[in-house]
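Okay, thanks everyone, I'll keep this short. Let me put the structure up and we'll walk through a helix pair, the core and the cysteines.

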Amino acid sequence: MSNRKMITAALPYANGPVHIGHLAGVYIPADVYARFQRRLGKDVAFICGSDEHGIPITIRAKKEGVTPQDIVDKYHGIIKKSFADLGISFDEYSRTTSPKHYETSQDFFKVLYEKGKFTEEVSEQYFDEQAGEFLADRYIVGTCPNCGNENAYGDQCEKCGSTLSPSELINPKSMLSGNVPILKDTKNWYLPLNEYEDFLNEWIIEGHKDDWKPNVYGQVKSWLNDGLKPRAMTRDLNWGVPVPLPDAEGKVLYVWFDAPIGYISFTKEWAEKNGKDWKDYWQSEGSDLVHFIGKDNIVFHCIIFPAMMKAHGDYIMPKNVPAFEFLNLENDKISTSRNWAVWAHEYVEDFPGQQDVLRYALLSSAPETKDNNFTWKDFQTKNNSELVGIFGNFINRVAVLIHKYYDGVVPQGDVNSPELKEINKAAAEISGFLDNYEFRNALSALMNLARFGNQYLQNEEPWKTIKDNPEKAAQSLFVGAQIAVGLAQLCEPFMPFSSEKLLNMFNVEKKSWSEVETQSVLIETGHKINESSLLFSKIEDNVIEAQVQKLEDTKQNNKKTNPNANPMKEEITFDDFTKIDLRTATILEAEKVEKADKLLKLTVDTGVDVRTVVSGIAESFTPEEIIGKQVMILLNLAPRKIRGIESQGMLLLTTKPDGKLSFVTPDDSNVENGIEIG
């Protein structure tokens, strides 16, 4: 096994924040693995960064009226901070808009081009004459040929889920100008993936049938069985890494060509800062390359990127690609567009100092081989029953009792006590599971050591034996201290914030993993420990209910046909409604109210009488334009004085998108005044 570990985590897309699905499926397992490898003494480069190119970013920028750079700057900052706040220990977190990335990805392309690895193909693509640019699939809308949805995109109909090509759309239109696009010839550079089928079959299908995860192996096998086709590595766009050829103006590298090269360019940035040679990690057989990704990225990391690296000729292939499945939220698929997610940056704000609770909860239900589900109730149970009730309870009892009976000094005990082997056993078990990317089993092995410690203390009862058998009490708390420090050492990859607290509490340094696996004593007799503090705190029902309510509010908001509509007011009964007297009426006179910019004084014919109404509509209407206007009035509203004028009733109005008011009026302008509405 190599001493050098090149670990990558999928580049998060910088058009929105990261959520728990991303954390559970990629970043927390990758961080556990990287931390563990460091504890083994490996030479680790743990690399990631924001993926900042591609069509969704340009679409979002147009929608918000800003530049693509504005979008990626905003979300790169949010994402980077979220990872840091949750203890994701990247050695380098960069971005694909960095100069080093442009240089590296263009150099990579040029090597393939000069080696004749690309084919040049001319194809017809839609072109917007008014905008003067070729249209990416997502910039073309039209009628879906399958379901008739008039707002289907050029690559997919979001109503029926059909995968489409722009040529299949009925009445296609450009999203840039609204015009009908024309078909125009354009040249792009393709990587003939079909030429790499034999290599991929030999390397993965034959070479990794026993050690790659079944979900990854199966998906790759399916792609290869269907046969690979040439794929364009360039696009006609103005946002991305420019194609470094003289006849390629207006073309950029395909986002899935440049994004994985980001792993290399970011490694270069890290290596330059730390006096390392990046080639040791990417071009040396003495390095193990491991990609942590979600299942939707398998094809890119196991077929396209390896084909690119094989075509280049200088790069090693990944040793493993432990892709995870998806995490659902409250039995529903996580969706960024529907805001159905628990966002990392919001969690940190809502649960200050409880980063490890989320890390623990997500690891314990990590979607390793199949989709899994996160619920707030389960999150609460894992915290209260397991972290507080088992792990924290054991640590607290050991520390408190050592302070109570021995003034905070570890008592004398038998260093050959068989219970101490449980620490070594747990370390070995966790190591074995992590070597095989079994994170849930590794976490269970950690918790089993805490359970053992709890049960051991319960059986030994040092709070009782201290009186009549002080030697036995000392022995049990000596063993308890060893297990507590063992937990402090072993929990670091999973719960780094808690590990730091524990190491400080017991006044010890971090040890290597092999020391914890082999040493019987982790804290010496006579060692002074610091004051104890609670590692975890109980999460109350009202805190969880607030999070569930936030999701329920999201669900209700998603039902809105108008996202700008205000929530429904408090329910009323039918009897309440019958008390309301709505009538048709006509405005006879209108004048401004002195020293009141928003108010108009109106004389209104209600059919029942002629009355005065004061209304805050002066910013939307002049007095002259509303005289003779037929309106609707709430007739039986109790009178009230406004600026010394008695107002009798209220007119019905609504607000337009531009903020101006609009009268609610009858369809028929010949309706008599005083007709009841209801």
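So, let's start with α12 and α16, which cross in a left-handed way. Keep in mind that this is a predicted model. Helix α12 covers residues 376–406 and α16 covers residues 470–490; their axes come within 10 Å and cross at roughly 135°. That angle is why we call α12 oblique to α16. What touches what here? On the α12 side, the contact includes Phe391, Phe394, Ile395 and Val398, and on the α16 side you'll find, among others, Ala473, Ala474, Leu477 and Gly480.

Hang on to Phe391, because we meet that residue again in the largest nonpolar core. That core has 175 residues, and Phe391 is listed with Phe257, Trp282, Phe379 and Phe506 as having the most contacts inside it. Take Trp282: even if you skip its neighbours within four places in sequence, Trp282 is in contact with a whole list of residues, including Met6, Tyr263, Leu289, His291, Phe305 and Asp314. Apart from that core lies another one, of 16 residues, among them Ala585, Val613, Ala618 and Ile633.

Now, cysteines. How many disulfides does the structure hold? Zero. Look at Cys48: the nearest cysteine sulfur belongs to Cys302, and that's 17 Å away. So why no bond for Cys302? Because its closest cysteine sulfur, the one in Cys48, is 17 Å off, and that's too far. As for exposure, Cys48 is buried, at 0% relative accessible area, and Cys302 is buried at 0% too.

That's my tour, happy to rotate things if anyone wants another look.

Key:
Residues numbered from 1 in each chain as written. Predicted model: local features only at pLDDT ≥ 70, side-chain atom pairs only at ≥ 80, totals over all residues. Heavy atoms only, no water. Core = buried A, V, L, I, M, F, W, Y, C linked by side-chain atoms within 4.5 Å. Buried < 20%, exposed > 50% of the residue type's maximum accessible area, 1.4 Å probe, protein only. Contact = heavy atoms within 4.5 Å. Disulfide = S-S within 2.5 Å. Axes fitted to C-alpha atoms, helices over the stretch in contact; angles between N-to-C directions. Helix = DSSP H or I, 4+ residues; strand = E, 2+ residues; numbered from the N terminus. Parallel < 35°, antiparallel > 145°, perpendicular 65-115°, else oblique. Left-handed = near helix turned anticlockwise from the far one by under 90°.
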